[in-house]
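Colleague: I am new to this structure. Please walk me through its features, one at a time.

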Amino acid sequence: TPLHPWPAAKRAAFNMAEISVGSESTAAEIFAGLRHFKSLVRARSLEALIQALGAGRLNADEVERLSLEALSAGDWEAKQGGLQAAAEAVKAWDRPEFRAELLAKVPDLLVDEEYRVRKAIAAVLLECCRRDGLSIYDKMGEIVLGDIRDKFKRVEEADAKESQALSGGYADAAPPAPPAAPTFLPDTEGWRSLETSMGALEAMMQGCGAAFTPRMDDNMLQLMAQCSRHTNRFVREYTYFALKIVFEVCSPVAFLDSVAPQTVALVANGIRDNWSQVRYAASQAVRAFMEKAGDEKARFYPQLLGLMCLNRHYVAEGVRIYSQDTWREVCGPLGGARLLVAHFDSVIDAFVDASRAPNHAVREAACKCIMELASRVAGSPEAPTPHREQFTPARVQRLLSALMDSFRDESWPVRDHASTALGHFVQAFPAECEDIRTQLVELWFDQMADNIPSMRKNGAAALTRAVSVWPDELWPKVLPRLSKTLPEVLLQPEHSEVFTDYTPSGPFSVPKS
């Protein structure tokens, strides 16, 4: 997105004017601040405008005129400030004539070259739809949807032309000149106006509320599905925020009959997206999905329950905390164990798939969830839980195989969590773990010799759990080895746990193909 830096002379003129916007500023002074090149001045000016409108100090005709004039200015700062001011003016006075003039300018601003201008349109459409409802969507919706489709169409056409060139489609003519190097990274920067148009669509749905339900047809949901698979993470993020609004405003009957069956797979894909921002947006969508499903939530547990459980341990704090709160809301005071075992095979599928995920943080979360199954859901042979009978030999073996593969993972945090989980599994299922006892002991001794302190500590704790389960079998093997290795502690330097000049036993983050 171009930044459009102001010329030095223009910046100097503003500095000489010494703009200082406060609660007693005039409308002209506030609008001068709204178009200032410094973001802090613009933010303070918007705050001053809101305070002045609340106090009733400004004139509607003047504010509306200055807003419309700003939208025709050449500077993006002026356009952004004009849209922000216009949204506040609609809140304050709600004059139909002004809204009509404002909406007439939206189509051009929707594709403005500056991202911040396009983004500010959402607030205007939100306020207009709150007042005029579907009539605004019926006027502007096709423009917004058309822009979204147009961006997809252009991408597909570009891909088709590239494929034609690569396949020799220019055999009878000179090949075209090679394209210029891209100036953006598709998965990290904005994708033209696609993501901001998604934001505008979200705002209109939110403004219309439940009245928007009849407009949620198959075409709308198919467009959402297409956007949720877009290569650009901003587009995917906006899509899941929009889906959240769809679930919130949709009527319960339409949701269960049409919307939920078509979107549950989209939500499942979103809460396992590799980008934390997309995963967070999808986490909000899945909470709204479950709240709208109400007493029918169980219909969708096979697709969502295991993934929701995994995100309770995701590395990104926002996703993790939000998912933990959602889990408590969904499971209620009786807890989630009963739900997990009621849909056990789909839950195990989710955990095993996650243990093989490209993202090392997802593999770690899988190990933690599998550990919880052993330590909190199954119990031990001596102290079984009511759910233990659901842990059939085939299911236990699937979980053990996933943990053993993770114990050999290239990423050391994954190995660390898998080791701890296996210690709990030995306590919960000693008979099922007997065949791999020798392998486990060797892996734990290797871990206790690791140069990462937490690995050594957790490996020792896991081995201790195993010895407590198989004392007769393991003490004769473990004690001689400890008698040899423990004196070697005296050979390591003092404060070795904080010694930083070493090569870790493996990389922290290792993607899998």
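Colleague: Start with one helix. Which helices do the buried residues of α12 pack against?

Modeller: They pack against α10 (218-228), α11 (233-249), α13 (276-293) and α14 (301-310). Packing is read from contacts, meaning heavy atoms within 4.5 Å. Buried means under 20% relative accessible area; exposed means over 50%, and partly exposed lies in between (1.4 Å probe, protein chains only). Helices are DSSP runs (H or I, at least four residues), strands are E runs of at least two, and both are numbered from the N terminus.

Colleague: What should I know about the model itself?

Modeller: This is a predicted model, where local features need pLDDT of at least 70, side-chain atom pairs count only at pLDDT 80 or more, and totals for chains, interfaces and linings use all residues. Residues are numbered from 1 along each chain as its sequence is written, and side-chain values use heavy atoms, with hydrogens and water left out.

Colleague: How many helices and strands are in the chain?

Modeller: There are 24 helices and 0 strands. Buried residues account for 49% of the 513 residues. Now look at contacts between residues at least 6 apart in sequence: 72% of them join residues at least 24 apart.

Colleague: Back to α12. Which of its residues are buried?

Modeller: Among them are F255, L256, V259, A260 and T263. V264, L266, V267, A268 and G270 are on the list too.

Colleague: What span does α12 have between its end C-alpha atoms?

Modeller: First, the yardstick. The expected span of a helix is 1.5 Å times one less than its number of residues. For a straight helix of 19 residues that gives 27 Å, but α12 (residues 252-270) spans only 22 Å.

Colleague: Where in α12 does a kink lie?

Modeller: At V259, shortly before the proline P261. The kink is about 60°. A bend at a residue is the angle between two fitted axes: one for the seven residues ending there, one for the seven starting there.

Colleague: Give me a helix to compare. What does α13 reach from its first C-alpha to its last?

Modeller: α13 reaches 25 Å with 18 residues, close to the expected 26 Å. α13 is mostly covered, with 13 of the 18 residues buried. R287 sits in α13. R287 is itself buried, at 14% relative accessible area. Leaving out residues up to four places away in sequence, R287 touches Y322, D325, T326 and E329.

Colleague: Next, rings. How many aromatic pairs are found in the whole structure?

Modeller: The search finds 9. Rings of Phe, Tyr and Trp (its six-membered ring) pair if their centres lie within 6.5 Å; planes under 30 degrees apart are stacked, over 60 edge-to-face, and the rest tilted. One pair is F255 with F289: edge-to-face, 5.0 Å centre to centre, 70° between the planes. That pair links distant parts of the chain, with F255 in α12 and F289 in α13, 34 residues apart. F255 is buried at 0% relative accessibility, and F289 is buried at 0% as well.

Colleague: What about F391 and F429?

Modeller: Their ring centres are 5.4 Å apart and their planes are at 40°, so this pair is tilted. F391 lies in the loop between α18 (360-378) and α19 (393-407), and F429 in the loop between α20 (412-428) and α21 (430-433), 38 residues apart. F391 is buried at 6%, and F429 at 2%.

Colleague: Which residues do ring pairs link into a cluster?

Modeller: F247, F255, F289 and F300.

Colleague: Which arginine lies over the face of W275?

Modeller: R233, at 5.0 Å from the ring centre. R312 lies over the face of W327, at 5.4 Å. The test: NZ of Lys or CZ of Arg within 6 Å of the ring centre and within 35 degrees of the ring normal.

Colleague: How many disulfides does a search of the whole structure find?

Modeller: A disulfide is a covalent bond between the sulfur atoms of two cysteines. The search asks for cysteine sulfur atoms within 2.5 Å. It finds 0. Take C128: the closest cysteine sulfur, in C129, is 7.0 Å away, too far for a bond. C128 is buried at 0% relative accessible area.

Colleague: Last, backbone angles. Where is D94 found?

Modeller: Most residues other than glycine have a negative phi. D94 is not a glycine, yet has a positive phi of about 55°. D94 is found in the loop between α5 (76-93) and α6 (96-110). D94 is partly exposed, at 33% relative accessibility. A glycine case is G294, which follows α13 and has a positive phi near 60°.
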